[in-house]
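Thank you all for coming. I would like to walk you through a structure that is new to most of us, taking its inner spaces, its helix contacts and its backbone in turn.

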Amino acid sequence: EESPFPPHLVQAQLRRIEDNVYPMEYVDLYRDSETSKVSTKKSKKLPISEFPLSKSATSEQKEGVVVIYERPDKDLVPFNTYYASLDPLHTGKTTASRSLCSIFIYKNPVEVTKEKEDGTYETYFEGDKLVAEWTGRLDDIEAVHERCELLLELYQAWCLIEFNGSFHTYMTGKRKTHYLVPSNQMIFNKELTASYSPNHPYGWKNTGTVFKTKILPYGIEYLTEELDSDILPNGNKIVKRWGIERVQGSRMLLKEMQQYHDGINVDRLVAYCALIAFAKIQQSNRAIIKKREHKSNTQENRDIYKHKPQPFSNRSSSMSRPARSPFKNYG
């Protein structure tokens, strides 16, 4: 069965990832004992690199690692800047299931007013994009929940969850349900009205054809949006950048797109498509986020990343690029 995702765009994006176009870092998350704030440290772990995951995979091979493409911007409004989507787990250690927990963090478009060297200001748009993710599984389900909690807290992200696990119960016990999107905020709520109850105030249920007919199209359309193009003298248009470039370094998400068909277990794809569907509807009802950037913090922002080669690349490790947003001039 042929995948509905555009094969030429997916393959081109995979090549960009192999060419180390996107800066990224692998991190472990922890709560600082003194400040109680979420912090990060470099990790030697690697993302899961096979799909579908083999039944013989060990606990270490299933764990994966948190991948950050862009660190959180502390100067922007919490919950309005970052959204998240989570496909959770039912249980921890198991030998019968190859399902994984998958969570993505998404950054909304931002209008930036930046001070230049001569003291004047310029305004431009930073396009939306995926900025962080984790896909994996731990033997302790509480540890799975904690990792997701820490990632949400790091970005102050408002999270949409698929209601098939106990993450909402965990967050209720932590008194952190303000991180969870209420069910009445979801675009496809009318399709599922009868299935909701006061005991299920958060999340959506992936039942029937809801994913395929209501959510999947958003994930496909997001890839084929034109971000930048030129008009030739003869009137023909050349598209220079497609929306798929906002899926920055998520190699295995792209692999799921290539292999998707009815009946296959696609944890990353479910989380991603639900995230894009939710973000698009929210953006139509909210004002654009604005940020003012002065010269004093420009260099600090420029030095956020130290680019490192990716473990999936078969290219030379000497390849590099400046750590900048490819959507800086996107309007």
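Let me begin with the inside, where this predicted model holds 1 cavity of 30 Å³ or more. The space in that largest cavity comes to about 140 Å³, and 16 residues line it, with Pro47, Ile48, Val67, Glu133 and Met252 the closest to its centre. If you ask which elements give two or more residues to this lining, they are strand 8, residues 129-136, and helix 6, residues 251-259. Strand 8 provides the largest share, with 3 residues. As for the character of the lining, 10 of the residues are nonpolar, 3 are polar and 3 are charged.

Please keep helix 6 in view, since we now follow it to a neighbour. Helix 6 packs with helix 7 at an angle of about 95°, and the two axes lie 9 Å apart, which means that helix 6 is roughly perpendicular to helix 7. On the helix 6 side we find Met252, Leu253, Glu256 and Met257, and these meet Asp267, Arg268, Leu269 and Tyr272 in helix 7. By class, this contact has 5 nonpolar residues, no polar ones and 3 charged ones. Met252 therefore comes up twice in our tour, as one of the residues closest to the centre of the largest cavity and as part of the contact of helix 6 with helix 7.

What, then, does helix 7 do with helix 5? Helix 5, residues 210-224, and helix 7, residues 267-285, pack with their axes 8 Å apart and at an angle of about 80°, so that helix 5 is also roughly perpendicular to helix 7. From helix 5 the contact draws on Phe211, Ile215, Leu216, Tyr218, Gly219, Tyr222 and Leu223, while helix 7 brings Leu269, Val270, Tyr272, Cys273, Ala274, Ile276, Ala277, Lys280 and Ile281. Sorted by class, these are 14 nonpolar residues, 1 polar and 1 charged.

Helix 5 and helix 7 also return at an open site, because both give two or more residues to the lining of the second largest pocket. That pocket has about 340 Å³ of space, and of the 22 residues in its lining, Asn206, Ile264, Asn265, Val266 and Val270 lie nearest its centre. Here the lining divides into 7 nonpolar, 9 polar and 6 charged residues. Val270, which we have just met in the contact between helix 5 and helix 7, is thus one of the residues nearest the centre of this pocket.

Turning to the backbone, I should first recall that most residues other than glycine have a negative phi, and that most peptide bonds are trans. Where does this chain have a cis peptide bond? A cis bond joins Phe51 and Pro52, with omega about -10°, and Pro52 sits in the loop between strand 2, residues 38-42, and helix 2, residues 59-63. Ser36, a residue other than glycine, has a positive phi, near 65°, and is found in the loop between strand 1, residues 25-31, and strand 2.

Finally, a word on confidence. The protein chain has a mean pLDDT of 84, and 83% of its residues reach 70 or more. Over residues 299-331, however, the pLDDT is below 50, although this stretch has 66 contacts in the model beyond near neighbours in sequence.

Terms used: Residues numbered from 1 in each chain as written. Predicted model: local features only at pLDDT ≥ 70, side-chain atom pairs only at ≥ 80, totals over all residues. Heavy atoms only, no water. 1 Å grid on protein atoms, 1.4 Å probe; cavity = no way out; pocket = protein on both sides within 12 Å on 5 of 7 lines; lining within 4 Å. Points joined across faces, edges and corners; volume = space filled by probe spheres on them. Helix = DSSP H or I, 4+ residues; strand = E, 2+ residues; numbered from the N terminus. Nonpolar A, V, L, I, M, F, W, Y, C, P; charged D, E, K, R; others polar. pLDDT = per-residue confidence, 0-100. Contact = heavy atoms within 4.5 Å. Axes fitted to C-alpha atoms, helices over the stretch in contact; angles between N-to-C directions. Parallel < 35°, antiparallel > 145°, perpendicular 65-115°, else oblique.
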